[in-house]
Amino acid sequence: MPKSRSSFAAWGLAAAAAGALLVGCSSEAKMAKDEVANTVAEKLAAQTGQPKPDVTCPEDLVGKVGTSMRCKLTASDGSSLGVTVKVTAVDGNQIKYDIKADQ
């Protein structure tokens, strides 16, 4: 499906996306999985000019540099690919991370 391939190419080009969000107070910074998924979807849509995809993440993101997790992007045509979210910096309760969509 050419449209699907071009959509995935666009998501792949958005791989350098970075995100940051303030999280609730605790001894260890965490971001709720739904917040991570929503932020990832918004950033990918903004970078690619594509509609906001459906992104799901399996767990909360722990604010520890080097921590990563795999989320799942489902495109409007029902096809899916993986998205890696990797923590690059933590400043208090603010978690910064890179996003890399599979090619």
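This passage walks through a predicted model of a single chain, from its overall confidence to its strands, core and disulfide.

A good place to start is the confidence of the prediction. The mean pLDDT of the chain is 81, and 74% of its residues reach 70 or more. Confidence is highest in strand 3 (residues 54-56), with a mean of 97, and lowest in strand 1 (residues 18-22), with a mean of 41. Residues 1-5 have a pLDDT below 50, and beyond near neighbours in sequence this stretch has two contacts in the model. Residues 13-26 also stay under 50, although the model gives them 41 contacts beyond four places in sequence.

With that in mind, the overall layout can be read along the chain. Two helices and seven strands are present, and they follow the order α-β-β-α-β-β-β-β-β. Of the 103 residues, 39% count as buried. Among contacts with a separation of 6 or more, 53% are between residues 24 or more positions apart. The accessible surface comes to about 5,700 Å², and carbon and sulfur atoms hold 51% of that area.

The later strands are joined by several antiparallel pairings. Strand 5 (residues 68-74) and strand 6 (residues 80-91) run antiparallel and are joined by seven bridges. One of the paired positions is Thr74, whose bridge partner in strand 6 is Ser80. These two strands form a hairpin with five residues between them, where Gly78 takes a positive phi near 95°. Strand 6 continues the pattern on to strand 7 (residues 94-101), again antiparallel, through eight bridges. Here Ala89 has Lys96 in strand 7 as its bridge partner. The hairpin of strand 6 and strand 7 has two residues between the strands, and Gly92 in this turn has a positive phi of about 65°. Strand 5 is also joined to strand 3, by three bridges in an antiparallel arrangement. In this pairing, Val55 stands opposite Leu73 of strand 5.

Strand 5 also shows how a strand can present two faces. In a regular strand the side chains alternate between the two faces of the sheet. In strand 5, Met69, Cys71 and Leu73 make up the covered face, while Ser68, Arg70, Lys72 and Thr74 make up the uncovered one.

Just beyond this strand comes Ala75, which lies in the loop between strand 5 and strand 6. Is Ala75 buried or exposed? Its relative accessibility is 15%, and residues under 20% are classed as buried, so Ala75 counts as buried. The C-alpha atom of Ala75 is 5.5 Å from that of Pro53, although the two residues are 22 apart along the chain.

The interior can be followed through the largest nonpolar core, which has 21 residues. Val36, Val40, Val55, Leu61, Val83, Val85 and Tyr97 touch the most other members of this core. At least two core residues come from each of helix 2 (33-48), strand 5, strand 6 and strand 7. Which element gives the most to this core? Helix 2 does, with five residues. Val83 offers a closer look at the surroundings of one core member. Leaving aside neighbours within four places in sequence, Val83 is in contact with Val40 and Leu44, with Met69, Arg70, Cys71 and Leu73, and with Ile99, Lys100 and Ala101.

Finally, there is a covalent link to consider. The structure holds one disulfide, and this bond joins Cys57 to Cys71, with an S to S distance of 2.1 Å. The pair links distant parts of the chain, 14 residues apart: Cys57 sits in the loop between strand 3 and strand 4 (61-62), and Cys71 belongs to strand 5. Why is the disulfide of Cys57 and Cys71 right-handed? The torsion about the S-S bond is about 105°, so the disulfide has that hand. Both cysteines, Cys57 and Cys71, are buried. Cys71 thus brings several threads together: this residue lies on the covered face of strand 5, is in contact with Val83 and is joined to Cys57.

Terms used
Residues are numbered from 1 along each chain as its sequence is written. This is a predicted model: local features need pLDDT of at least 70, side-chain atom pairs count only at pLDDT 80 or more; totals for chains, interfaces and linings use all residues. Side-chain values use heavy atoms; hydrogens and water are left out. pLDDT is the predictor's confidence in each residue, from 0 to 100. Helices (H or I, at least four residues) and strands (E, at least two) are DSSP runs, numbered from the N terminus. Contact means heavy atoms within 4.5 Å. Two strands pair if DSSP finds at least two bridges between them. Buried means under 20% relative accessible area, exposed over 50%, partly exposed in between (1.4 Å probe, protein chains only). Accessible areas come from the Shrake-Rupley method with a 1.4 Å probe; for residues, only the protein chains shown count as cover. A nonpolar core is a set of buried Ala, Val, Leu, Ile, Met, Phe, Trp, Tyr and Cys residues joined through side-chain atoms within 4.5 Å. A disulfide is a pair of cysteine sulfur atoms within 2.5 Å.
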